[in-house]
Amino acid sequence: MTGSTVRPPAYQQLADDLRADITSGRLQPGERLPPEPELCVKIGVSRSTVREALRLLASQHLIVTTRGVTGGSFVSHPDAEQLADGLSTGFALLTHSASVGLVDLLELRRALEVPAAGLAAMRRTDSHLAELRGALFDPVIDDFDTMMAAHSAFHRAMSKATGNPLFELVGSPLYQASYGEEVIGVLPEGYWMRIDADHRRLVECLISQDAESATRVAGEHLDFIAEAVR
């Protein structure tokens, strides 16, 4: 019938209701959801519907389900890396659409990376430094795929070193985005030598906890990339 609204499946409605309770804070991290039989009676749906809704929430990292006497479904504790996985698909779709280009990516990187570098310099731990060193590459012997993976890992580690999970959440999908063959094919000679050098300069800034130099190097790093891929 024209103008009629198609109702979503019952499991989707239940998942939406539970998701709203979780994201609003009515259900707190670590809190147990009502048992499946109780949800069936309360909402008036079958156990298979409840299980499908819980599977959907688990796939979105909103709940974890355990078995046994003390088992059940519990609200997940927020994890930036897992939550970032959920953003990556939508982010990838946008970056491969006509509405978002490399200029937009670099603009967002600048908004994130420059202040993140300063915060990381002030807040980094020895563990963060070890992770950053582990993400360095050798532009002389490493192949392209290795350098791209290391570049992504380095900037995700820099986001983590800020101590602010929101930088990590937003940054992870960003650094998984690819430039595209039309850009990769025209990178200037010495591009990866400069990227490597900048990464090592940033590590030195973090070692000395020099926030001012870290923000300057991060800005220069992005200036170089913008010029190289223009």
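Helices and strands are DSSP runs, numbered from the N terminus. On that basis, the chain of this predicted model reads α-α-α-β-β-α-α-α-α-α-α-α-α along its sequence. It holds 11 helices and two strands. The chain has 230 residues, and 40% of them count as buried. Contacts between residues at least 6 apart in sequence were also examined, and 71% of these join residues at least 24 apart.

Two helix pairs are described here. Two packed helices are described by the angle between their axes and by the distance between those axes.

The pair α10 and α11 comes late in the sequence. Helix α10 spans residues 191–207, and helix α11 spans residues 211–228. Their axes come within 9 Å and cross at roughly 170°. Angles over 145 degrees count as roughly antiparallel, and α10 and α11 are therefore roughly antiparallel to each other. The crossing of α10 past α11 is left-handed. On the α10 side, the contact is made by Tyr191, Arg194, Ile195, Asp198, His199, Arg201, Leu202, Cys205 and Leu206. On the α11 side, it is made by Ser213, Ala214, Val217, Ala218, Glu220, His221, Phe224, Ile225 and Ala228. By class, the residues of this contact are 11 nonpolar, three polar and four charged.

Leu202 offers a closer view of this contact. Leu202 belongs to helix α10. Its relative accessibility is 3%, so Leu202 counts as buried. With residues up to four places away in sequence left out, Leu202 touches Ala214, Val217 and Ala218. It also touches Ala117, Phe154 and Met158. Leu202 and Val217 are 15 residues apart along the chain, yet their C-alpha atoms are separated by 6.6 Å.

The loop between α10 and α11 contains Gln209. Gln209 is not a glycine, but its phi is positive, at about 55°. Its relative accessibility is 41%, so Gln209 counts as partly exposed. A positive phi also appears at His61, again a residue other than glycine, with a value near 65°. His61 sits in the loop between α3 (47–59) and β1 (63–66). At 29% relative accessibility, His61 is therefore classed as partly exposed.

The second helix pair is α5 and α8. Here the axes lie 11 Å apart, and the packing angle is about 135°. Angles must be over 145 degrees to count as roughly antiparallel. The helices α5 and α8 are therefore oblique to each other. Helix α5 passes α8 in a left-handed crossing. From α5, the contact draws on Leu105, Leu108, Arg109, Leu112, Glu113, Ala116 and Leu119. From α8, it draws on Phe167, Val170, Gly171, Leu174 and Tyr175. The contact of α5 with α8 has nine nonpolar residues, one polar residue and two charged residues.

Arg109 and Glu113 both take part in this contact. Arg109 lies in helix α5, which covers residues 102–123. Its relative accessible area is 5%, so Arg109 is buried. The cut-off for that label is under 20%. The side chain of Arg109 makes a polar contact with the side chain of Glu113, at 2.4 Å.

Thr162 lies in the loop between α7 (144–161) and α8 (165–176). At 0% relative accessibility, Thr162 therefore counts as buried. A polar atom of its side chain lies 2.7 Å from the backbone oxygen of Ser159. The side chain of Thr162 also reaches the backbone nitrogen of Asn164, at 3.1 Å. With residues up to four places away in sequence left out, Thr162 touches Ala116, Leu119, Ala120, Arg123 and Phe167. Among these, Ala116, Leu119 and Phe167 appear in the contact of α5 with α8 as well.

Note on methods
Residues numbered from 1 in each chain as written. Predicted model: local features only at pLDDT ≥ 70, side-chain atom pairs only at ≥ 80, totals over all residues. Heavy atoms only, no water. Axes fitted to C-alpha atoms, helices over the stretch in contact; angles between N-to-C directions. Helix = DSSP H or I, 4+ residues; strand = E, 2+ residues; numbered from the N terminus. Parallel < 35°, antiparallel > 145°, perpendicular 65-115°, else oblique. Left-handed = near helix turned anticlockwise from the far one by under 90°. Contact = heavy atoms within 4.5 Å. Nonpolar A, V, L, I, M, F, W, Y, C, P; charged D, E, K, R; others polar. Buried < 20%, exposed > 50% of the residue type's maximum accessible area, 1.4 Å probe, protein only. Polar contact = N/O pair within 3.5 Å; in protein donor to acceptor, adjacent residues only side chain to side chain.
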